Amino acid sequence: MSTLNSPQKQAVEHLGSPLLVLAGAGSGKTRVITEKISWLIQNRAVSPADITAVTFTNKAAREMKERLQQRLGEAENLQGLTVSTFHSLGMKILRLHAKDLGLRSGFSIIDPRDVTTVLSETLRADPIHNKDLVNQVARRISGWKNLGLSVSEALQFAEDPIAQTAASAYKEYQRYLLACNSVDLDDLIFLPSQLFRDQPEICRSWQLRIRYLLVDEYQDTNAAQYQLVKQLAGDGKRLTVVGDDDQSIYAWRGAQPQNLAVLAEDFPNLTVTKLEQNYRSSARILKAANHVIANNPRHFDKSLWSDLGHGEVIRIIPADNEKLEAERAVSGIMRHQFKHRSSHGDFAILYRSNHQARELEIKLREMRIPYKISGGSSFFDRGEIRDVMAYLRLLTNPSDDTAFLRIINTPRRGIGASSLEKLAGLAGKRGQGMFHTLADPELHLILQSRQAKSLQAFGNEMGALSKRATDGDPIDCVNALLEAVEYQRWLHKSCETADADRRWENVRLLVDWLEAADRQATEDRTLPELVTELILNDALDQQKDEENVDQVNLMTLHAAKGLEFPHVFIVGVEENILPHKVSVEEGSDEEERRLFYVGITRAMRSLTLSYARRRKRFGDSVECEPSRFLQELPAEDVEWEDQLSLSPEQQQDTGRAHLASIRALRNRQ
DNA sequence: GATTCAGATATTTTT
DNA sequence: TATCTGAATC
């Protein structure tokens, strides 16, 4: 506690009115939250069970828990303390009040990628039914939920024809989800807030239950999340939110950074504390960041400062094309490593969009530098994982028609479209799920005997397994499932050996994760609990977290938020990339500037920026301009490593020679 | 029901 | 340019 600076201390010890902590980059905001929780428990004798801290990512939640455990030691019993993501908290609320919302126990979360499939079906009759329409409708529905708007509100406010189409699709979609005893990810926030609005006494019970509410990365909350926060906070006397409007980079996803300002209106007795001392970056880096962000109009003015010394100048590297840019970034890293004896993990290369990682990957591989790429396509986007997840969902929630349809022919069971149509028809007539209908005596009458038999066999098999799912050990059940459907054999039958092995490996990873999660838990968990945890938790994320190996970090600027690295490279600092073309066209260049700001403030000791003068775009080479943001950097703190005087061939040669000398040096070691 | 070929499509994506 | 998806055909 003694090591906290004065505003940090103020924030930690503040009680009695709602508190907004405006925490600049690297100013120790997570620390303030953990210290505050510790202080509440140790100095104010608050029971851990009365405290809930909310974050956006599982990783942030995990880290916060770890830090608390460290800070308080084993002696303190943290039993009952809630540190969770918005979505897990929503899930917890939904579980307890499923009945009030027309859901049955074991309800499942629909695979986000199946949403478009469902909507496509819903919109089948629409005259302009195409992929674009479906995607637009999906975005609208998600947008409405993020705004906290119900079906009737959407129907009421829909003005343009697409909005009207979307609103009626919204109605259908919700009906479908309810029939499947499913919710989507947005519902995890939206439904609890609807519930609290409609049933104030339930809301009151949660206010009493949560008491001390702390929210991290508050600038990233959307309208529905804020609504939920407000409902849970009650009079707000025990509410603490921490955020930084300069780091708001998710407005395109519905985040409303103005929620920071709205807080002062909704809670007139709001106390505001600013954290402006940065403990991460050198003064130069911070000055550069301040210069850049000063070009944005800001609601809350902050001036970050640091006493970590001047530090190195910021280097700007122009390269002739994207290949040379990658080469210079990689050789820059290697040079740095030899000069400062730093390890791979001290470096991060950040970029605006995922495809930029490719050239870097090629070069890093060429130079045999270990690296890890965060982000890109998720573990849960893989077909095999979605298959297994669909099986698990069906086991825990037999009404889940989406899951049923996904796996009924995986592996092949000889059930064609017409059989499924008949089955769906009968299910509709009976008003029940397709899986339930497998046991219907009438099925034999409407289907050919082979199909009927196959379906029945499937029904029996899954029925037996779902008994095990509820009674027995969840892991045994999963293994039995994979065995019963001969999933591994199916993989080998449906793809090349190497591919099949890789996919099977992923499935095993999933099972391993389930096992780990099961073991970690203090009490026995049921399969449904594990399955929702799987959907809300990124298994790969956790996996990556654990293998703390020494590798150069590659990630998007978005993915870098909340992280720090001794040495940071930002590549592709060009017009049309950073700021991104689409953002400029949409007029959201301020968010792009914040994105650049986030990138800069990740750096502790050195920062290198690069851009290419030409770049391959969809095949042909186009000219590129350095980013407007580069001119916003303080001239006295940057150094341009221009090689303008050299021809591209010569440049390539010097680059090669450079790499060769470094390689030679390394081999000698 | 599987394979192949043509066409679309490339910004970020905490859950 | 490379990759992925869906439709058409065998």
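This is a guided tour of a predicted model, stop by stop, with what to select at each one.

**Stop 1: the DNA strand**

Begin with DNA strand B and select the protein residues around it. There are 23 of them, and Arg-253, Arg-352, Arg-412, Thr-556 and Val-582 are the closest. Of the strand atoms that come within 4 Å of the protein, 50% belong to sugar and phosphate. Colour the surrounding residues by class: eight are nonpolar, ten polar and five charged.

Next, show three individual contacts, each to another part of the strand.

- Select Thr-556 and look for a phosphate oxygen of DNA strand B; a polar side-chain atom of Thr-556 is 2.9 Å from it.
- Select Leu-536 with its backbone shown, where a polar backbone atom lies 3.2 Å from a sugar or linking oxygen of DNA strand B.
- Select Trp-252, which has an N or O atom of its side chain 3.5 Å from a base oxygen of DNA strand B.

Thr-556 also belongs to the group of closest residues named above.

**Stop 2: the cavity**

Hide the DNA and turn to the inside of the protein. Rolling a probe the size of a water molecule over the atoms shows where empty space is left. How many cavities of 30 Å³ or more are there? The count is one. The largest cavity holds about 60 Å³ of space.

To find this cavity, select Leu-15, Lys-36, Arg-238, Leu-239 and Thr-240, which lie nearest its centre among the 14 residues of its lining. Helix H2 (29–43), strand E6 (212–215) and strand E7 (239–243) each give two or more residues to that lining. Which element gives the most? E6 does, with three residues. By class, the lining has seven nonpolar, four polar and three charged residues.

**Stop 3: two arginines with positive phi**

From E6, step back along the chain to Arg-211, in the loop between helix H10 (200–210) and E6. The phi angle of Arg-211 is near 50°, a positive value in a residue that is not glycine. Arg-211 is partly exposed, because its relative accessible area of 31% falls between the limits for buried and exposed.

Now select Arg-368, in the loop that runs between helix H15 (357–366) and strand E11 (371–373). Arg-368 is not a glycine either, and its phi is positive at about 55°. Is Arg-368 buried or exposed? Its relative accessibility is 70%, so Arg-368 counts as exposed.

**Stop 4: a cis proline**

Select Leu-578 and Pro-579 together and display the backbone. The peptide bond between Leu-578 and Pro-579 is cis, with omega at about 10°. Pro-579 sits in the loop between strand E13 (565–570) and helix H28 (581–585). Val-582, one of the closest residues to DNA strand B, can be shown alongside for orientation.

**Stop 5: cysteines**

Select the cysteines and look for disulfides: the count is zero. Three cysteines can be checked for burial. Cys-180 has 1% relative accessibility and so counts as buried. Cys-624, at 15%, counts as buried too, because the limit is under 20%. Cys-477, in helix H22 (residues 474–484), has 0% relative accessibility and is therefore buried.

Keep Cys-477 on display and add Ser-466. These two residues are eleven apart in sequence, and their C-alpha atoms are 8.2 Å apart in space.

**Stop 6: two long separations in sequence**

Select Tyr-611, found in strand E14 (residues 603–612). The relative accessible area of Tyr-611 is 6%, so this residue is buried. Add Leu-324 and draw a C-alpha to C-alpha distance: Tyr-611 and Leu-324 are 287 residues apart in sequence and 9.8 Å apart in space.

For the last selection, take Val-262 in helix H12 (residues 259–266). Val-262 counts as partly exposed because its relative accessibility is 23%. Add Glu-575 and draw the C-alpha to C-alpha distance again. How far apart are Val-262 and Glu-575 in space? The distance is 33 Å, for a pair 313 residues apart in sequence.

Definitions and conventions. Residues are numbered from 1 along each chain as its sequence is written. Chains are lettered from A and ligands numbered from 1 in the order in which they are written. This is a predicted model: local features need pLDDT of at least 70, side-chain atom pairs count only at pLDDT 80 or more; totals for chains, interfaces and linings use all residues. Side-chain values use heavy atoms; hydrogens and water are left out. On a 1 Å grid over the protein atoms alone, a cavity is a set of points where a 1.4 Å probe fits but cannot get out, and a pocket is an open set with protein on both sides within 12 Å along at least five of seven lines; lining residues have an atom within 4 Å of a point. Grid points are joined across faces, edges and corners, and a volume is the space filled by probe spheres set on the points. Helices (H or I, at least four residues) and strands (E, at least two) are DSSP runs, numbered from the N terminus. Ala, Val, Leu, Ile, Met, Phe, Trp, Tyr, Cys and Pro count as nonpolar, Asp, Glu, Lys and Arg as charged, and the others, Gly among them, as polar. A disulfide is a pair of cysteine sulfur atoms within 2.5 Å. Buried means under 20% relative accessible area, exposed over 50%, partly exposed in between (1.4 Å probe, protein chains only). A residue is near a molecule or strand if one of its heavy atoms lies within 4 Å of it. A polar contact is a pair of N or O atoms within 3.5 Å; within protein, one must be able to donate a hydrogen and the other to accept it, and residues adjacent in sequence count only if both atoms are side-chain atoms.
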